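Reader: I have a model open and want to go through a few points. Can you take me through it?

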Amino acid sequence: MTSVDMHVDVYLSRIGFSGSPSRSLHVLRSVHTCHLLSVPFENLTVHSGGRVQLDPPHLYEKLVLQRRGGFCYENNSLFAWLLTQMGFQVTLLSAQVKNQTTGFYGPPFDHLVVMVTLDGQRWLCDVGFGGPGFRTPLSLDTRGPQEQGHRVYRITEQRNETSGMLFLEWQQEENRGEDGDWTEIYKFTLDPRRMEDYAEMCQFHQSSPCSLFFCKSVCTILTSEGRLTYIGRRLTTTTFPKEGSVLETSTRDLQDDEIPGVLKEKFGIMLKSPLIPKDEPMTPHRVIY
């Protein structure tokens, strides 16, 4: 375990939050957005000879002091620590991501998300997901559409005699109202979890050909204009639509010797060990969820 002092003010400076760290919905929304604009969603440790470690001091050193990013177990668990230190009531939740190719969900603990309870209201936070992710927390007490810029999300519920399963859905890069075509992103329950619960799946995502994170080297970050995404040997720039415009994407191929410079210039990432670019197809899960 890394020995390092963890400071809320240094963390907030890392993500560019300069307001008063009060326990309010405005601050929760602000730090959520600041995190997405500052800390990449990436798995480059896996593809540069390292292993992901989930103890908080190690994550703080990596994401805050080294100015790296991480995947969901890293970004969301450290974000949960930050929110707890700021006085928010935080609960870790387990989610299962839907594979848009096979139509099946990942295993339990496939994804870590955070619930914040504030003044009797519950909010879903997720700063560790990537492209389809939402910019500000979503209400867990609302079943109707929740608009965020050109996008719209909703959380639906299916209940049985013992429990309820919640589904995060969106209309991809469109907003056609409540009667539009909804696509499921992931499903989850509100059962409280502990970090130890995610250890097995964290190892799975670093070693299994059934995991996107093992099969592809990925780094993506939200920008003021849209999103930057590196995968394998490609860099994609997405510009979100504004009034009167449409969504635009452009992709350029990268040579291996270009990639370190792109990661430094576009994402602020400097790796300690050489990256081995990877973009291989995933193997479908044997078990259907």
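Author: What follows covers cysteines first, then a sheet and a helix. Keep in mind that this is a predicted model.

Reader: How many disulfides are there?

Author: The count is zero, taking a disulfide as a pair of cysteine sulfur atoms within 2.5 Å. Cysteine 34 is in none, as the nearest cysteine sulfur, that of cysteine 125, is 13 Å away.

Reader: And cysteine 34, buried or exposed?

Author: Cysteine 34 counts as buried, because its relative accessibility is 18% and the cut-off for buried is under 20%.

Reader: What about cysteine 219, which cysteine sulfur is nearest?

Author: That of cysteine 72, at 15 Å, and cysteine 219 is in no disulfide. Cysteine 219 has 0% relative accessibility, so it counts as buried too.

Reader: Switching to strands. In what order do the five strands of the open sheet run?

Author: The order is 1-10-11-12-13, with antiparallel pairing.

Reader: Which are the edge strands?

Author: Strand 1, residues 41–42, and strand 13, residues 248–253; each of them pairs on one side only.

Reader: How many bridges join strand 12 to strand 13?

Author: Six, and the two strands run antiparallel; strand 12 covers residues 234–239. Within that pairing, threonine 239 is opposite glutamate 248 of strand 13.

Reader: Which strands does helix 7 lie across?

Author: Helix 7, residues 259–267, lies across strand 10 (218–222), strand 11 (226–231), strand 12 and strand 13.

Reader: At what angle to strand 11?

Author: Helix 7 runs at about 160° to strand 11.

Technical notes: Residues are numbered from 1 along each chain as its sequence is written. This is a predicted model: local features need pLDDT of at least 70, side-chain atom pairs count only at pLDDT 80 or more; totals for chains, interfaces and linings use all residues. Side-chain values use heavy atoms; hydrogens and water are left out. Buried means under 20% relative accessible area, exposed over 50%, partly exposed in between (1.4 Å probe, protein chains only). Two strands pair if DSSP finds at least two bridges between them. Helices (H or I, at least four residues) and strands (E, at least two) are DSSP runs, numbered from the N terminus. Contact means heavy atoms within 4.5 Å. Axes are lines fitted to C-alpha atoms, for helices over the stretch in contact, and angles run from 0 to 180 degrees between N-to-C directions.
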